[in-house]
Amino acid sequence: MDPILNPYAPGAGSPPPELAGRDEVRAKMRLCIERLRRGKPAKSMMLVGLRGVGKTVLLDQMMKDAEGSGVVTIRIEAPEGRSLPAVLAPQLRIGLLKLSRMEQAKDVAIRGLRALAGFVGKMKLTFNDVEVGLDYEPEPGLADNGDLEGDLTMLLEQVGAAAHAAGTLVAIFIDELQYVPEKQLAALTSALHRCAQLQLPLVVVGAGLPQLRGRMGEAKSYSERLFDFPIIGPLDAADAADAIVKPAHDEGVDVDNDAVNLIIGFTKGYPYFLQEWGKHAWDVATSSPITRQDVETASVEAVAALDESFFRVRFDRLTPAEKKYLRAMAELGAGPHRSGDIAAKLGRESSSLGPLRSSLIAKGMIWSPTHGDTAFTVPLFDEFMKRIIPTADWDPTEA
């Protein structure tokens, strides 16, 4: 079939043609926004899940939903190695400038921009990656004490006050939040807590790997009461089928039930993988309907594409010792696994592997569902590890 018409969209954060199975969490976000807009209490939201479940896609769709209802939105990603003030300050400036153009909020928003100037001036001394253009002189004593938690609280109070004056709401969307250091997470949580106490129309919607929930609890004990933590997982069979069938139908192409079931079996319902298999099945098929045989043929290409992009980009960031640790996990299966069992596979004591395990957690490759357990953050990574390091080439005792 014509590859130009191929409806499937595998890619990092690429929106799928059919965002299946996410209506409930989108509805919760809409409810949250409307309650806050009316001065009623509502929790901010943190989307947690493995790689490939569509957190970024969902985050961006929720941002579009919010913008469609007149909300002022801010979108940032928290990459490794950059501070939260560095990525947040420029976007807060943009949001405050939008609010300053609304006559009823102009004065309050300008005071927010003065708070931002004070915040940036002090944070540059602590975080040397903070760079942002300033529009107004700082107001002495406003968000300029040099303490991140206190200053960020004062700054977000001003943002929320400007939103209230404008009769709207500010929604801050943050992707990859698990990379934010604990003290900076604590500062963000504290600031949101104060905004909630003051009933200001400001909400944060974050997305991150499963360890985010535990990290936020460690940062501030009241995080569980301040945020909802919806788990974004693989799609159930019905939603996974919709993700495959509906885009094809929109192009006038049918997909056999056997073909759909085989795709779901290969992908375990993970949205990114569904798109990858759908794309290659479409390219292999010569006519409608797409058949089970098409899917079987396409699977070779789908696995190769995942190995070279989705999996390989993560594998290449690992040290030899980290690769060996993950290969030992893979030998045990999909997981989660007890840390002692992984150590036994490597012929080591668990205590000696602590730093290595911590490094892999920091890189976002593994997480701990419960104390002493270890699991992959990337679905089907155990199968990839066995392909990239076959049993014949793997010696767990090799130095």
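This report describes strands, helices and side-chain pairs in a predicted model of one protein chain.

## The parallel sheet

A good place to begin is the open sheet of five strands, whose order is S2-S3-S4-S1-S5 and whose pairing is parallel. Strand S2 (72–77) and strand S5 (227–228) stand at the edges, and because each has a single partner strand, one side of each is left without a neighbour in the sheet.

Strand S1, which covers residues 44–48, pairs with strand S4, residues 202–208, in the parallel sense over four bridges. Strand S1 also pairs with S5, again in the parallel sense, and here there are two bridges. Met45 shows both relations, since Asp228 in S5 stands opposite Met45, while Val205 is the bridge partner of Met45 in S4. Further along, Val48 stands opposite Gly208 in S4.

Is S1 enclosed or open to its surroundings? Five of the five residues of S1 are buried, so S1 is largely enclosed by the rest of the structure. In a regular strand the side chains alternate between the two faces of the sheet. In S1, Ser44, Met46 and Val48 lie on one side and Met45 and Leu47 on the other, and because all of them are buried, both faces of the strand count as covered.

Helix H1, residues 23–37, packs on this sheet and touches S1 and S4, and its direction makes about 155° with that of S4. Ile33 belongs to helix H1, and because its relative accessible area is 3%, Ile33 counts as buried. When residues up to four places away in sequence are not counted, Ile33 touches Ala66, Ser69, Val71 and Leu169. Ala362, by contrast, is 329 residues from Ile33 along the chain, and the C-alpha atoms of these two residues are separated by 32 Å.

## Helices H6 and H8

Helix H6 runs through residues 182–197, and its 16 residues reach 22 Å from the first C-alpha to the last, which is close to the 22 Å expected at 1.5 Å a residue. The buried residues of H6 include Gln184, Leu185, Thr189, Leu192 and Cys195. Just after H6, Gln199 takes a positive phi of about 55°.

Thr189 appears again when one looks at Ser223, a residue found in helix H8, residues 223–226. Ser223 is buried, with a relative accessible area of 0%, and, leaving aside neighbours within four places in sequence, Ser223 is in contact with Thr189, Met216, Gly217 and Phe229.

Leu192 of H6 can also be compared in position with Pro320, which has its place in helix H13, residues 320–332. The two residues are 128 apart along the chain, and their C-alpha atoms are separated by 41 Å. Pro320 counts as exposed because its relative accessibility is 68%, which is over the 50% cut-off for that class.

## Antiparallel strands around S8

Strand S8, residues 373–376, pairs with two other strands, and these pairings are antiparallel. Like S1, strand S8 has both faces covered, with Asp373 and Ala375 buried on one side and Thr374 and Phe376 buried on the other. The table lists the two pairings.

| Strand paired with S8 | Bridges | Opposite residues |
|---|---|---|
| S6 (residues 337–338) | two bridges | Arg338 and Asp373 |
| S7 (residues 366–367) | two bridges | Trp367 and Ala375 |

S7 and S8 form a hairpin with five residues between them, and in the turn Gly372 has a positive phi of about 90°.

## Aromatic rings and charges

The structure holds 13 aromatic pairs. One of them joins Phe273 and Phe310, whose rings are 5.3 Å apart from centre to centre, with 85° between the planes, in an edge-to-face arrangement. The pair links distant parts of the chain, with Phe273 in helix H11 (residues 271–284) and Phe310 in helix H12 (residues 292–315), 37 residues apart. Phe273 and Phe310 are both buried.

These two residues also belong to one aromatic cluster, formed by Tyr270, Tyr272, Phe273, Phe310, Phe311, Phe315, Phe376, Phe381 and Phe384. Phe376, one of its members, is also a buried residue of S8.

Which charged end sits over the ring of Phe310? That of Arg314 does, 4.7 Å from the centre of the ring. Elsewhere, the charged end of Arg327 sits over the ring of Trp394, at 4.8 Å from its centre.

Key: Residues numbered from 1 in each chain as written. Predicted model: local features only at pLDDT ≥ 70, side-chain atom pairs only at ≥ 80, totals over all residues. Heavy atoms only, no water. Phe/Tyr/Trp six-rings, centres within 6.5 Å; stacked < 30°, edge-to-face > 60°. Buried < 20%, exposed > 50% of the residue type's maximum accessible area, 1.4 Å probe, protein only. Lys NZ or Arg CZ within 6 Å of the ring centre and 35° of its normal. Pairing = 2+ DSSP bridges. Contact = heavy atoms within 4.5 Å. Axes fitted to C-alpha atoms, helices over the stretch in contact; angles between N-to-C directions. Expected span 1.5 Å × (residues − 1).
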